Amino acid sequence: MIELEGVPELVDPVMVAAFEGWNDAGDAASTALAHLEKEWKGEVFAALDAEDYYDFQVNRPQVFMEDGVRKVTWPTTRLSVIRVEDADGKGKRRDLVLVRGIEPSMRWRSFCNEILGFAHELGVELVLVMGALLGDTPHTRPVPVTAVTSDPDLARTMSLEESRYEGPAGIVGILQEACTHAGVPAASLWAAVPHYVSQPPNPKATLALLNRLEDMLGVRIPMGELAEDARAWQLGVDQLAAEDSEVAEYVQSLEEARDTAELPEASGEAIAQEFERYLRRRDGTPDGGTAPGTAPYRRESGTQPPPPKPGGEPPRPGETDEDGEE
């Protein structure tokens, strides 16, 4: 039985989760959640027992000094709560429950059940799990972010891709499925990270995930210096690519493939939506789409190509599927 005596009653709570590891290319998803915790000063109220879910030879504890005293930090998953008093720029309040951790080494079903226990106790209405995968996408174009769900009703009301993925799964997909089977609406958001520049950090992918999260929830997220960091990151990759002719040619081929796949009208729609986002930010209203229970989110056709194997699970780095796609 989970008791949450220290957590006040929440308003329209949404659970947002991200995990370091296989489902976190470029650390884009875990960094996005860390950004939310930092900007909104999330208060940790629970942590899962590390010994139940982690192999300490895979995820080792860290020893550090604090005020002259040696301490140990164990790998785990922590839950924090954020109370957004002015979620939409018009005085509406909405609360978020953040789940941030490392992909567990064992007992995944128990792990998901424990998180679901917290979701039920807190009255969570929707679970969104963020992830990032390696893909054949150029770093010079907008980061593709795909939202998928196994819930047909949620797919219809929020205009999401319905999962059709078959293959190896990470904790992002497993938690989404566990939520769906438990009757909790859930979806996963996937950012595509260029496989030729996969090392973290990737602020451009992090920013794209947060923009899509903002659109789906109707919650205005303070982005801080992420936009500037994303521009600096792209400039740095541009410079590195320019120093290697083979890499430059490869990036150009990815750009041509991407641009060819995007119809002019689709690109126009994406530009229009970006302009709408600018106007909303200028007027102090939330960016983009809608929250659950309102009109469906309008998909950015110009920046949302079909997901790699709709269903949200990425291939392992270096693997390809039967169609030759990563």
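Okay, quick bit of vocabulary before anything else: when I say helix or strand, I mean a DSSP run, H or I over at least four residues for helices and E over at least two for strands, numbered from the N terminus. With that, we can place Asp12, which sits in the segment before β1.

Housekeeping next. This is a predicted model, so local features need pLDDT of at least 70 and side-chain atom pairs count only at pLDDT 80 or more, while totals for chains, interfaces and linings use all residues. Residues are numbered from 1 along each chain as its sequence is written, and side-chain values use heavy atoms, with hydrogens and water left out.

So, the overview. The protein chain has 9 helices and 10 strands. Of its 326 residues, 48% are buried; buried is under 20% relative accessible area, exposed is over 50%, and partly exposed is in between, using a 1.4 Å probe on protein chains only. Contact, for me, is heavy atoms within 4.5 Å. Take the contacts in the protein chain with a separation of 6 or more, and 80% of them link residues 24 or more positions apart.

Now the sheet. It's an open one with 8 strands, ordered β2-β5-β6-β1-β7-β10-β8-β9, and the pairing is mixed. The edges are β2 (43-47) and β9 (161-162), each with a single partner strand, so each has one side with no neighbour in the sheet. Two strands count as paired if DSSP finds at least two bridges between them.

Let's zoom in on β1, residues 14-20. It pairs with β6 (residues 94-102) in the parallel sense, over 7 bridges. Val14 has Leu96 as its bridge partner in β6, and Met15 has Val97. On to β7: 5 bridges join it to β1, again running parallel, and there Ala17 is partnered with Val129. And β1 is mostly covered, with 6 of its 7 residues buried.

What lies across this part of the sheet? Helix α5, residues 171-181, lies across β1, β7 (126-135), β8 (145-149) and β10 (186-194). Its angle to β10 is about 165°, where axes are lines fitted to C-alpha atoms, for helices over the stretch in contact, and angles run from 0 to 180 degrees between N-to-C directions. The buried residues of α5 are Ile171, Val172, Gly173, Leu175, Gln176, Ala178 and Cys179. Their cover includes α3 (108-122) as well as β1, β7, β8 and β10. Just after the helix, Gly183 takes a positive phi of about 85°.

On to packing. A nonpolar core here is a set of buried Ala, Val, Leu, Ile, Met, Phe, Trp, Tyr and Cys residues joined through side-chain atoms within 4.5 Å. The largest has 42 residues, and the members touching the most others are Leu36, Trp40, Met130, Leu209, Leu210, Leu213 and Leu217. Helix α6 (residues 203-217) supplies the largest share of this core, 8 residues. Apart from that core lies another, of 37 residues, including Leu79, Val127, Val148 and Val184. Back to Met130: leaving out residues up to four places away in sequence, Met130 touches Val16, Ala17, Ala18, Ala29, Ala32, Leu33, Val172, Leu189, Leu209 and Leu213.

How many disulfides does a search of the whole structure find? It finds 0, a disulfide being a pair of cysteine sulfur atoms within 2.5 Å. Take Cys112: the closest cysteine sulfur is in Cys179, 7.4 Å away, which is too far for a bond. Cys112 is buried at 1% relative accessible area, and Cys179 is buried at 2%.

One polar spot: Thr137, in the loop between β7 and β8. Thr137 is buried, at 5% relative accessible area. Its side chain makes a polar contact of 3.3 Å with that of Arg258; that's a pair of N or O atoms within 3.5 Å, where within protein one must be able to donate a hydrogen and the other to accept it, and residues adjacent in sequence count only if both atoms are side-chain atoms.

Last, the backbone oddities. Most residues other than glycine have a negative phi, and most peptide bonds are trans. Asp12, though not a glycine, has a positive phi of about 45°, and Asp12 is partly exposed at 29%. Lys41 has a positive phi of about 55° and is exposed at 64%. And the peptide bond from Pro200 to Pro201 is cis, with omega near -5°.
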